[in-house]
Amino acid sequence: MKRYLVLLPILVILYGSACSKSSNSGGGTPTPPPTPITPLITLAPGWKYSASLSINFPSGIQAFTFDTIYNGKKVKTFCVAMDYSTGRFEFKPMVSSTLKTPSQFAAGETGLVYVAINGGYYGGNQSYSLVKYDNVVASPNIKAVTRSYNGSNASYYPTRAAFGITSTGTPSTAWIYSVGAGNDLIYQYPTPSPNAEGTAPQLPPTETFPSGGSVWNTVAGIGGSPMLLRGGAIRISDVEELISINNATSRPRTAIGYTANGRIVLLAVEGDNSSAGYLGINLADLASMMLSLGCTDAINLDGGGSTSMVIGNRLTVRPGDNGVERPVASALLIKQR
């Protein structure tokens with residue numbers, strides 16, 4: 001009995017010594033905690049910096065995730081923010097006459113692609129939304145749509161939303177229209193042409209109509225619809241832009257915008273995933289979410305089954321088409337310059 005009492009203090013001393021050594025990495029200098037990340041944008045409650053998605057990013061670009069309740073809905077969202085003024089990044093909208101998934105757009109591109117998202121609207125193999133790169137318009141925003149008026153079909157000429165980058169790297173949103181037979185001359189307007197289905201169509205936009213028009217001097221741009229934010233306020237111009245995309249129902253969504261200090265924000269919301277409870281959000285919630293991240297201006301891109309965000313070679317949102325990424329006509333790549 002006495003022998004065991006003598007051994008017990010010795011075992012306690014050995015155990016304490018072992019714990020001390022293991023907590024000190026072999027007796028050397030303790031490993032310092034990781035340096036805190038300063039987010040590039042304002043993070044609303046529920047948003048988290050994603051070290052795993054950002055692992056191959058240089059400074060000036062970051063990925064964030066949101067997987068919680070938003071306005072009473074279970075929402076899963078991915079966001080990439082970047083400081084375009086660093087000069088490290090290339091903003092490259094692309095269009096293809098053969099439909100491709102955003103993953104395929106990225107995989108077929110030379111150079112290092114950080115992020116790829118789906119672009120604007122399309123039908124068949126034709127893009128209906130702006131795709132402009134290196135001062136060349138490969139596809140304009142749609143110049144005319146057919147809607148019902150007085151019981152008959154009528155042509156309307158909407159000024160739809162677009163997001164662009166100027167020659168100095170400044171982001172811009174605008175209601176735009178490609179004027180003339182060609183598509184390279186694009187005018188922007190401070191307010192959209194006041195069209196509304198069921199009312200008489202407005203005249204085709206020109207340099208002087210709607211009022212306040214001016215040349216939209218951008219070197220690259222991606223089109224969509226409708227505008228979500230304008231000048232720091234929610235401004236969903238779906239009526240004037242004649243766009244009906246399940247506006248008030250929960251769907252997958254894709255958006256792009258920028259903050260007051262010029263940080264570009266890309267957003268993809270998962271939806272059409274009832275098994276996991278992620279149904280998506282409506283346009284009002286999408287605009288509110290972009291505003292909560294500090295965006296002053298933002299536009300909606302194509303959504304539903306077209307919504308996709310690829311970071312590196314990793315697909316973030318579960319695609320709405322039964323989990324299969326949808327081929328689309330256009331995509332936006334963020335590349336290493």
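User: Which share of the contacts in the protein chain with a separation of 6 or more comes from residues 24 or more positions apart?

Analyst: In this predicted model, residues 24 or more positions apart account for 67% of the contacts in the protein chain with a separation of 6 or more. The secondary structure against which that share can be read comes to four helices and 24 strands, and buried residues make up 49% of the 337 residues in the chain.

User: How should I read the strand order of a sheet, and in which order do the eight strands of the open sheet stand?

Analyst: Strands of a sheet pair through backbone hydrogen bonds, either parallel or antiparallel. Here eight strands form an open sheet, with antiparallel pairing, in the order β1-β2-β3-β20-β19-β21-β17-β18. The edge strands are β1, residues 47–49, and β18, residues 233–234, each of which pairs on one side only. Within this sheet, β19 (residues 253–259) and β21 (residues 295–300) run antiparallel and are joined by five bridges, and G257 stands opposite A298 in β21.

User: Which helix lies across these strands, and at what angle does it run to β19?

Analyst: Helix α4, residues 283–292, lies across β1, β2, β3, β17, β18, β19, β20 and β21, and runs at about 30 degrees to β19.

User: Taking one residue of β17, is M227 buried or exposed?

Analyst: M227, which lies in strand β17, has a relative accessible area of 0%, and because buried means under 20%, M227 counts as buried. Not counting residues up to four places away in sequence, M227 touches A161, T173, A174, W175, R235, I236, S237, E241, A298 and I299. A298, the residue that G257 stands opposite in β21, is thus among the residues that M227 touches. The C-alpha atoms of M227 and A255, 28 residues apart along the chain, are separated by 9.7 Å.

User: In which order do the strands of the five-stranded open sheet stand, and which strands are at its edges?

Analyst: That open sheet has the order β4-β24-β5-β22-β23, and its pairing is antiparallel. Its edge strands are β4, residues 89–100, and β23, each pairing on one side only. Strand β5, residues 113–118, is mostly covered, with six of its six residues buried. β5 pairs with β24 (residues 328–336) in the antiparallel sense over five bridges, while three bridges join β5 to β22 (residues 309–311), again with the strands running antiparallel.

User: Which residues are the bridge partners of A116 in β22 and in β24?

Analyst: A116 has V310 as its bridge partner in β22, and L333 as its bridge partner in β24. For V115, the bridge partner in β24 is I334.

User: How is empty space found in a model, and what volume does the largest pocket have?

Analyst: Rolling a probe the size of a water molecule over the atoms shows where empty space is left. The largest pocket in this structure has a volume of about 230 Å³. Its lining comprises 18 residues, of which Y121, I243, I245, D302 and G303 lie nearest the pocket's centre. By class, the lining divides into seven nonpolar, five polar and six charged residues.

User: Which backbone values deserve a second look, and where are the cis peptide bonds that precede P210 and P226?

Analyst: Most residues other than glycine have a negative phi, and most peptide bonds are trans. A cis peptide bond joins F209 and P210, with omega about -5 degrees, and P210 is found in the loop between β14 (186–189) and β15 (214–215). The peptide bond from S225 to P226 is also cis, with omega near -5 degrees, and P226 lies in the loop between β16 (220–223) and β17.

User: What are the phi values of N246 and N322, and where does each residue lie?

Analyst: N246, a residue other than glycine, has a positive phi near 55 degrees and lies in the loop between α3 (238–241) and β19. N246 is partly exposed, with a relative accessible area of 41%. N322 is not a glycine either, yet has a positive phi of about 55 degrees, and lies in the loop between β23 (314–315) and β24. The relative accessible area of N322 is 72%, so N322, with a value over 50%, is classed as exposed.

How values were computed
Residues are numbered from 1 along each chain as its sequence is written. This is a predicted model: local features need pLDDT of at least 70, side-chain atom pairs count only at pLDDT 80 or more; totals for chains, interfaces and linings use all residues. Side-chain values use heavy atoms; hydrogens and water are left out. Two strands pair if DSSP finds at least two bridges between them. Helices (H or I, at least four residues) and strands (E, at least two) are DSSP runs, numbered from the N terminus. Contact means heavy atoms within 4.5 Å. Axes are lines fitted to C-alpha atoms, for helices over the stretch in contact, and angles run from 0 to 180 degrees between N-to-C directions. On a 1 Å grid over the protein atoms alone, a cavity is a set of points where a 1.4 Å probe fits but cannot get out, and a pocket is an open set with protein on both sides within 12 Å along at least five of seven lines; lining residues have an atom within 4 Å of a point. Grid points are joined across faces, edges and corners, and a volume is the space filled by probe spheres set on the points. Ala, Val, Leu, Ile, Met, Phe, Trp, Tyr, Cys and Pro count as nonpolar, Asp, Glu, Lys and Arg as charged, and the others, Gly among them, as polar. Buried means under 20% relative accessible area, exposed over 50%, partly exposed in between (1.4 Å probe, protein chains only).
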